[in-house]
Amino acid sequence: QNWLKDSDAPTWLNKMVWNRVQFGGALLKKTEANNELNIEVLDWDKVITDQQDVENGVTVILHEMTPDMIMGMEGWENKEDAVRLIDYEREAKGQGDKDYQSSTPKVSIQEIHGIFPRQLYDADAEDYEYSRQVIIIAGADKYKEDRKGDKEEGGVVLFHEELDESPFKLLNRNAQYGRAVGRSIIEDLYHAQVWTNDAAYNERIAMNLAGKQIFQQPSGNGID
C-alpha cells in the first residue's frame with residue numbers, strides 16, 4: 001500500500017490504460033534504485049522499438065535534458081563533455097524549416113537497450129558472446145568533419161551497464177497477428193463511424209429535398 005502511494009500509482013495506471021485504449025498497447029519500463037521499484041509508462045512518440053519484438057528487441061528512448069539534470073545524474077561519466085554539446089538552435093515543431101532560439105538549453109540523450117556483443121562492455125570478452133546491455137549516449141546525432149571531409153560520430157557515452165533481464169513490459173489491447181501493438185478502440189469504432197457518417201449524409205440529402213419548392217402557383221390565378 002505504501003509503495004502504491006509513494007510510486008504515484010494512480011498517475012501511471014491511468015496513463016497505462018489510456019495508452020492501451022488509444023494506441024492499442026502500453027509500454028512499461030521497470031527500474032530499481034535504492035531497493036525501490038519504479039514503474040514508468042513510456043510515450044510512444046519518444047521511443048524507437050523493434051516492431052517484431054518490442055519487449056526483447058532493441059529499444060531507444062529519447063530524452064532531452066538540461067545541464068543541471070545531466071550533472072546531477074549519479075554514476076554517469078563524461079558529463080562535462082555532454083553539456084558542451086548543447087545546441088541552442090532547435091527546430092520549432094510545426095514551423096517547417098524555421099528555427100527558434102530556445103530559452104532552455106538542452107542536450108539530446110539516447111537511452112539504448114538491447115542484446116549486444118559483450119566486447120562493447122568488456123574488451124576481454126570472447127567473440128560471439130552476447131549480453132543484455134543499456135547504453136546512454138549524448139549527441140548521437142552530432143558529427144565531426146576532419147580536413148578531408150570525412151565524418152566522424154561525435155556522441156559521448158555517459159553510462160554503460162549489463163542487465164539481467166529486459167526492463168520492458170508490453171501490454172497490448174486485443175493483440176493482432178503480425179502487429180507490434182494491439183487493436184485500439186479507435187480502430188474498433190471505425191466501421192461504426194463510417195455508418196454514422198453515412199446516416200448523417202443521407203439525412204442532409206433528405207432535408208435538402210424536403211426544403212425544395214417543387215410546385216409554384218402563379219399570382220392571381222388561384223382559387224378563392
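# A walk through a predicted model

Guide: Let's begin with isoleucine 115, which is found in strand E7. Please keep in mind that this is a predicted model.

Visitor: Why is isoleucine 115 called partly exposed?

Guide: Its relative accessibility is 46%. The label applies between 20% and 50%, so isoleucine 115 counts as partly exposed.

Visitor: What makes Ile115 part of a nonpolar patch?

Guide: Ile115 shares the patch with Tyr128 and Tyr130, and together they have about 430 Å² of accessible area on the surface. A patch takes residues with over 30% relative accessible area, and the 46% of isoleucine 115 passes that mark.

Visitor: Strand E7 came up already. How do you know that E7 and E8 are paired?

Guide: Two strands pair if there are at least two bridges between them. Strand E7 (residues 107–117) and E8 are joined by 9 bridges, in the antiparallel sense, so they count as a pair. To find one spot along this pairing, look at isoleucine 112, which stands opposite isoleucine 135 in E8.

Visitor: And what makes E8 and E11 a pair?

Guide: The reasoning is alike: at least two bridges are needed, and strand E8 (residues 130–138) and E11 have 7, running antiparallel. You can follow this pairing at valine 134, whose bridge partner in E11 is glutamate 161, and at glutamine 133, which stands opposite glutamate 162 in E11.

Visitor: Why are E3 and E11 called edge strands?

Guide: The sheet is open and has 5 strands in the order E3-E4-E7-E8-E11, with antiparallel pairing. Strand E3 (47–48) and strand E11 (156–163) each have a single partner strand, so one side of each has no neighbour in the sheet.

Visitor: What makes E8 a mostly covered strand?

Guide: Of its 9 residues, 8 are buried, and buried means under 20% relative accessible area. For the protein chain as a whole, buried residues make up 28% of the 224 residues.

Visitor: Lysine 29 has a charged name in my textbook. Why is lysine 29 called buried here?

Guide: The relative accessible area of lysine 29 is 9%. That is under the 20% limit, so lysine 29 is buried. You will find lysine 29 in strand E1 (residues 25–33). Among the residues it touches are Ile39, Leu42, Ile61, His113 and Phe168.

Visitor: What makes the meeting of lysine 29 and glutamate 111 a polar contact?

Guide: Their side chains come to 2.4 Å, and the limit for such a pair of N or O atoms is 3.5 Å, so the distance fits the rule.

Visitor: Why is the pair of aspartate 43 and lysine 15 called a salt bridge?

Guide: Side chains of opposite charge can pair when their charged atoms come close. For aspartate 43 and lysine 15 the N to O distance is 2.7 Å, and the cut-off is 4 Å, so the pair qualifies. It links distant parts of the chain: aspartate 43 is in the loop between strand E2 (36–41) and E3, and lysine 15 is in helix H2 (residues 9–23), 28 residues apart. A search of the whole structure finds 9 salt bridges.

Visitor: How do you know that arginine 173 and aspartate 188 form a salt bridge?

Guide: Their closest N and O atoms are 2.8 Å apart, which is within the 4 Å cut-off. Arginine 173 lies in the loop between E12 and H5 and aspartate 188 in helix H5, so the pair ties together parts 15 residues apart in sequence.

Visitor: Which of these two partners is buried, and which is partly exposed?

Guide: Arginine 173 has a relative accessible area of 18%, under the 20% limit, so arginine 173 is buried. Aspartate 188 reaches 31%, between 20% and 50%, so aspartate 188 counts as partly exposed.

Visitor: What makes asparagine 78 stand out in its phi angle?

Guide: Its phi is near 55°, a positive value in a residue other than glycine. Asparagine 78 is placed in the loop between helix H3 (67–71) and helix H4 (79–83). Asparagine 174 also has a positive phi, about 50°, although it is not a glycine. Asparagine 174 is found in the loop between strand E12 (168–172) and helix H5 (185–188).

Technical notes. Residues numbered from 1 in each chain as written. Predicted model: local features only at pLDDT ≥ 70, side-chain atom pairs only at ≥ 80, totals over all residues. Heavy atoms only, no water. Buried < 20%, exposed > 50% of the residue type's maximum accessible area, 1.4 Å probe, protein only. Helix = DSSP H or I, 4+ residues; strand = E, 2+ residues; numbered from the N terminus. Patch = residues over 30% accessible without salt bridge, like charges linked within 9 Å, V, L, I, M, F, W, Y side chains within 5 Å. Areas by Shrake-Rupley, 256 points an atom, 1.4 Å probe, with all protein chains shown as cover. Salt bridge = Lys/Arg side-chain N within 4 Å of Asp/Glu carboxyl O. Contact = heavy atoms within 4.5 Å. Polar contact = N/O pair within 3.5 Å; in protein donor to acceptor, adjacent residues only side chain to side chain. Lists of a residue's contacts leave out its neighbours within four places in sequence.
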